[in-house]
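Biologist: I'd like to understand the labels people put on residues and strands. Could you take me through a few of them?

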Amino acid sequence: MSFLKKLLNHIGGNATPLVSDADLELCAPVSGTLIPIDEVPDPVISERIAGDGCAFIPENDCMLSPCDGVICRLLSSNTAFVVRASCGTEIYVRFGIGSDNFQGKGFTSLKKIGDPVKKGEKVIAIDLEQCSDLLKSTVTSMIAIKSSSDIERVASVGGKVQAGSTPCMWVFLKTKENANTLA
């Protein structure tokens with residue numbers, strides 16, 4: 001078992017499920033530093049209105065798919081996409097704060113809606129020189145959309161991550177047994 005998995009398994013004692021028990025493991029969509037979702041300077045993201053997740057201070061010029069799946073949404077500005085994993089959970093990946101005001105300047109989609117993607121595959125290329133001065137922040141968010149599946153909880157770690165290869169977020173879905181006792 002890797003050091004990271006051992007560490008996560010010990011957080012919270014025996015009450016914390018093993019990350020190997022997660023229904024969906026997500027890799028970093030960008031390289032950089034992972035930060036808690038609470039630190040994102042956008043209340044819609046930091047207050048978890050759409051769902052729970054994590055964020056990154058990016059150090060590279062593209063956004064990768066965090067898991068295998070299908071591109072089911074793509075913003076017309078090419079600043080965000082949603083990939084639907086095989087378990088049905090949709091993962092929203094968004095570059096920057098204030099990027100919705102762009103008309104696509106500095107962002108190039110390499111995929112279209114309906115395209116299958118593999119974990120680590122490039123989805124959006126970013127020209128940082130062209131767009132970074134116009135953004136409030138380059139923080140990139142990765143959110144498990146709560147309306148897409150019956151999510152019990154989301155776990156993530158902090159620190160440096162490598163796009164497409166560092167596991168950094170795990171989604172645990174409610175089991176039928178848990179859903180019935182909570183209803």
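Modeller: Happy to! Keep in mind that this is a predicted model. Let's start with N60, which touches V30, S31, L128 and A163, leaving out residues up to four places away in sequence.

Biologist: Why is N60 called buried?

Modeller: N60 has a relative accessibility of 15%. Buried means under 20%, so N60 at 15% counts as buried.

Biologist: And where does N60 lie?

Modeller: N60 is in the loop between β3 (51-58) and β4 (62-64).

Biologist: Which backbone atoms lie 3.0 Å and 3.3 Å from a polar atom of the N60 side chain?

Modeller: The backbone nitrogen of S31 lies at 3.0 Å, and the backbone oxygen of C62 lies at 3.3 Å. The cut-off for a polar contact is 3.5 Å, and both distances are within it.

Biologist: Now R48: what makes it partly exposed?

Modeller: The relative accessible area of R48 is 32%. Buried needs under 20% and exposed needs over 50%, so R48 at 32% falls in between and is called partly exposed. R48 sits in the loop between α2 (43-46) and β3.

Biologist: What joins the side chains of R48 and D38?

Modeller: A polar contact of 2.6 Å joins them, and the limit is 3.5 Å. Not counting neighbours within four places in sequence, R48 is in contact with I37, D38 and K146. There is also a long step along the chain to I143: R48 and I143 are 95 residues apart in sequence, with 8.5 Å between their C-alpha atoms.

Biologist: How do you know that G69 is buried?

Modeller: With a relative accessible area of 14%, G69 is below the 20% cut-off, so it is buried. G69 belongs to strand β5 and touches V83, R84, A85, D115, P116 and V117, not counting residues up to four places away in sequence. For V83, the separation from G69 is 14 residues in sequence and 5.9 Å in space, C-alpha to C-alpha.

Biologist: Why do you say that β5 and β6 pair?

Modeller: Pairing takes at least two bridges, and four bridges join β5 (residues 69-74) to β6 (residues 80-84), so the two strands pair, running antiparallel. In β6, R84 is the bridge partner of V70.

Biologist: What is the strand order of the open sheet?

Modeller: The eight strands run β9-β5-β6-β7-β11-β3-β2-β13, with antiparallel pairing.

Biologist: What makes β9 and β13 edge strands?

Modeller: β9 (116-117) and β13 (159-161) each pair on one side only.

Technical notes
Residues are numbered from 1 along each chain as its sequence is written. This is a predicted model: local features need pLDDT of at least 70, side-chain atom pairs count only at pLDDT 80 or more; totals for chains, interfaces and linings use all residues. Side-chain values use heavy atoms; hydrogens and water are left out. Buried means under 20% relative accessible area, exposed over 50%, partly exposed in between (1.4 Å probe, protein chains only). Contact means heavy atoms within 4.5 Å. A polar contact is a pair of N or O atoms within 3.5 Å; within protein, one must be able to donate a hydrogen and the other to accept it, and residues adjacent in sequence count only if both atoms are side-chain atoms.
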